[in-house]
Amino acid sequence: MPDHQTSRPTGAVVVAVVAVVLAVVATGFAVVISTELAPAALSHGLASPAAGSSVPPIADEPASRIAVAGDTGTGTAPVGATVERMRRESRQDPYDALLLLGDLIYEDGEAAQTEARVISPFAPILDTGATLLPVLGNHDYRSNQQQQILEKLGQHTPWYVEQIGPAKVIVLDSNQADNAQQRDWLRTTLAEPVTSGTWVIVAMHHPAYSAGNHGSDMAVRNAWSPLFAEFNVPLVLAGHDHDYQRSTPQNGVTYIVSGAAARLRPTGQENFTAVSASTLHYLDLLVYDDKLLGRAIDHSGVLVDTFAITR
């Protein structure tokens, strides 16, 4: 696949980041930060006012509940910690869907690893009835076995729609952001009438807005963001950068990066950044008739961020 054009934090100086072992005290796991080149500006996140607070109990039962995690395909201990946190948080109210935001199988997208990297690790969530919603990432393309991966996970096309209660989840393949057929399909899908109370949520791998290591994917932003604004999409989810980020609304659209279920990289901030944090986590998305409530939760069970989108 062609390389995507990305926009990195303004004024960033590229420096080498050596492999470092970060002790995550709360989980007892060691997390290796990858040896890669990263902008020097990626050293300071923008903390949420909710960061460090306990996860509050769910006062009102949501119409549906979705667990969201990105870049999960390492087969390492932090993935197990992410799943365990999902399990603990959903003991009283199991998830209706599990949305995985790409890079399902590191490093090279070998379809033979689908059971070991996806199905088996997430069995505690899937076995309670959650619908699996897989997104293809760039690593899933490396062995040219992305179609086999999808089919093993119950999907046959890289872009598709699933209705999860009142949430209409549109999954896109951002490895093919310039695919005219996909863009036409997206426009047609967004233009379809929806029933009253439906929330349209879009998911992909490469983020249109990111202040992280990879930065904003301009191919995605140029191809799809105008459509998201035109059709009043409230929430767009992506992975790829191994951190957590929430944007300020961009033409009415809130963009979330949640790519730190298994690995971390430094994060940063841009003029569109509301929150950014280099923290292992997953996103707990509660869907109500009148609002979307998002809660980014770390491995120790405290909040990284919380947000609400209302009609």
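**Asking how the terms apply**

Me: K168 stands opposite V200 in β11. What makes strands β10 and β11 a pair?

Reply: Strands are DSSP runs of E with at least two residues, numbered from the N terminus, and two strands pair if DSSP finds at least two bridges between them. Five bridges join β10 (residues 167-171) to β11 (residues 199-203), which run parallel, so the condition of at least two is met. This is a predicted model, in which local features need pLDDT of at least 70 and side-chain atom pairs count only at pLDDT 80 or more, while totals for chains, interfaces and linings use all residues. Residues are numbered from 1 along each chain as its sequence is written, and side-chain values use heavy atoms, with hydrogens and water left out.

Me: Why are β9 and β16 called edge strands?

Reply: The open sheet has seven strands in the order β9-β10-β11-β13-β15-β14-β16, with mixed pairing. Each of β9 (160-164) and β16 (273-277) pairs on one side only, and therefore they are the edge strands.

Me: How do you know that β17 and β18 pair, and which way do they run?

Reply: Seven bridges join β17 (residues 281-287) to β18, and with at least two required, the two strands pair. They run antiparallel, and a hairpin of three residues joins them. One of the bridges places L285 opposite G294 in β18. Strand β18 (residues 291-298) is also joined by seven bridges to β19 (residues 303-310), again antiparallel, and R295 has T306 in β19 as its bridge partner.

Me: Why is E89 called buried or exposed?

Reply: Buried means under 20% relative accessible area, exposed over 50%, and partly exposed in between, with a 1.4 Å probe and protein chains only. The value for E89 is 18%, so E89 is buried. Its place is in helix α1 (residues 77-89), where a helix is a DSSP run of H or I with at least four residues.

Me: What makes the pair of E89 and R85 a polar contact?

Reply: A polar contact is a pair of N or O atoms within 3.5 Å; within protein, one must be able to donate a hydrogen and the other to accept it, and residues adjacent in sequence count only if both atoms are side-chain atoms. The side chains of E89 and R85 make such a contact at 2.9 Å, a value within 3.5 Å. Contact in general means heavy atoms within 4.5 Å, and E89 touches residues including V55, R65 and Y95, leaving aside those up to four places away in sequence.
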